[in-house]
Each structure stands twice: as structure tokens, then as C-alpha cells.
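Please read this report alongside the sequence and the 3D structure. It is meant for a reader who has not seen them before.

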Amino acid sequence: MNIILLGPPGAGKGTQARKLVEERGMMQLSTGDMLRAARTSGTEMGKKVADVMDRGDLVTDEIVIGLIREQLELGHAEGGYIFDGFPRTLKQADALGELLVEMGETLDRVIEMQVDDEALIQRITARSTCGSCGEVYNDDTKPWPADGKCANCGSTDQTRRADDNAESLNTRLFAYYKQTSPLIGYYHASRDLASIDGLQSMDEVAQQIKDVMA
Ligand code: ADP
Ligand code: ZN
């Protein structure tokens, strides 16, 4: 089963994708993670997208479609794919549809995670992650352990994303509502859409996702 997790920055797409990977052996394809990896390893493409990402704007469709194509060409994922942070524009949505047909894959569910702006801003400005295992923390609701070590893996590498600041977040939200939210109508029209309440606890959100994937 292949799904798209759709929602604004901070909606919890990455957190839920990680759970699905663990529990169902699905494969997470996060264009945000791929782009950050390209930056860290210092590739030409990574250098090209750095400023755009830090500002909170979208990188070009060509780049992200290319990244997804590369992954899909590696072969079929037995547990299914989770598209996380992709597609983000109508052009990307069309391209994904064509790619899936080309690869003999289906799109089974598009899950829209609804969270209001106020909660998004709180979540993102308080967010940190473990640089080693990717565990996500929140200064208010799930603080980084007082002993300085990640509760999941013991690493001391607490990191914050360069674009998790108030100004970039504004740009990211604007990009979401202007360029990505039209996909809600797009997938509603093709009957693939399911909308869930992303404001509930992590486990309750996971349960809702399970229900719509059943
Ligand atoms: P978030 O959903 O928290 O904003 P992501 O990790 O998905 O963050 O993406 C971070 C940044 O990477 C985006 O703000 C954008 O610059 C770039 N990016 C990621 N995915 C895409 C995409 N599908 N199309 C264009 N830009 C993207
Ligand atoms: Zn960790």
C-alpha cells in the first residue's frame, strides 16, 4: 500500500511516517530529508538548494521530482511507500501520478493531517531532533532529557533545523497554503483523500491513520 502524508509543516508527517516504517516495514520517502542529506554531503544540488530551504521557500519541481524518481527506480518496496513532504505542488502531483503508473505502482491513500496554525507555530519553534537517530523532541511537551542524552539512542547531538525559526516558518506556511493546499482538492476529486485530526496525541493520530488505511 502506497500513501501520501499531506499537511503543513509541523503537522507531524515525519513522526507518523517513522512509526509506519517501524510497525509496518513501509519505506519513507521524505524529500525534505533527501534535500537535507544532499546539503550535509555537500553535493552541487545540495549547495544550490540551501538558501531556498533556509528561507522556507520550495525548491524547484524538477529537483524533487528527480529525487523521487531515483528512489522509485531502485525497485519496488515490499511494505509500500510513504510519500512525506511530496508532492507539494500540482505539478509534482501530476508527475508522481505518471511515475507510479510507469513503475506499475498504485496510489492507495492520501492522508491529510489537519492542524491549526497556532499549534504548528508552537510545535516548530519548540522542536529539536536527535542528530543521530532522528527522534523528535519538543521543549514544552517532550523536552530533551536533562542528562543531555537522547532517550532513544544516547547521543548528545541535539539539533535544530535552520528553517525552524519564526520568519522562515511564516514563509513555509505561506508556501503550504498557496502551493500545496490545492492538492487537497486535487486528491478529493480523485477520491483518494482521507482527512484526519492531527491535533490529537501521537498515538491517537497513529490510530486514525491505521483506520483510514484499513
Ligand atoms: P516541513 O514539512 O517541516 O516544512 P520538510 O522537511 O518536508 O519540512 O522540507 C523542508 C524544506 O525542503 C521545504 O521548506 C522546502 O524548501 C524543501 N522541500 C521539501 N520537499 C519539497 C518539495 N516536495 N518541493 C519543493 N520543496 C521541497
Ligand atoms: Zn537519538
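The text below covers a metal site, some aromatic contacts and the nonpolar cores.

This is a predicted model, in which local features need pLDDT of at least 70, side-chain atom pairs count only at pLDDT 80 or more, and totals for chains, interfaces and linings use all residues. Residues are numbered from 1 along each chain as its sequence is written, chains are lettered from A and ligands numbered from 1 in the order in which they are written, and side-chain values use heavy atoms, with hydrogens and water left out.

**Zinc site**

The zinc ion (ligand 2) has as protein donors the SG atoms of Cys130, Cys133, Cys150 and Cys153, at 2.3 to 2.4 Å. Donors are N, O and S atoms within 2.8 Å of the metal (3.2 Å for Na, K and Ca); water is not among the atoms, so sites may look incomplete. Angles of 103 to 114 degrees between the four donor atoms make the arrangement around the zinc ion (ligand 2) tetrahedral, a term that requires all angles of four donors to lie between 85 and 135 degrees. Along the chain, the donors of the zinc ion (ligand 2) have the spacing C-x2-C-x16-C-x2-C. Cys130 in strand S5 (residues 127–130) and Cys150 in the loop between strand S6 (136–138) and strand S7 (158–159) are 20 residues apart, and the pair links distant parts of the chain. Helices (H or I, at least four residues) and strands (E, at least two) are DSSP runs, numbered from the N terminus.

**Aromatic pairs**

Rings of Phe, Tyr and Trp (its six-membered ring) pair if their centres lie within 6.5 Å; planes under 30 degrees apart count as stacked, over 60 as edge-to-face and the rest as tilted. There are four aromatic pairs by this rule, including the two tabulated here.

| Pair | Centre distance | Plane angle | Type |
|---|---|---|---|
| Tyr176 and Tyr177 | 5.2 Å | 80 degrees | edge-to-face |
| Tyr186 and Tyr187 | 4.9 Å | 80 degrees | edge-to-face |

Tyr176 is buried at 6% relative accessibility, while Tyr177 is partly exposed at 39%. Buried means under 20% relative accessible area, exposed over 50%, partly exposed in between (1.4 Å probe, protein chains only). Tyr186 is partly exposed at 29%, and Tyr187 is buried at 3%.

**Nonpolar cores**

A nonpolar core is a set of buried Ala, Val, Leu, Ile, Met, Phe, Trp, Tyr and Cys residues joined through side-chain atoms within 4.5 Å. The largest one has 29 residues, and Leu35, Val59, Ile68, Leu72 and Phe83 have the most contacts inside it. Helix H4 gives the most to this core, with six residues.

How values were computed:
Tetrahedral: all angles 85-135°; square planar, octahedral: opposite > 155°, others 65-115°.
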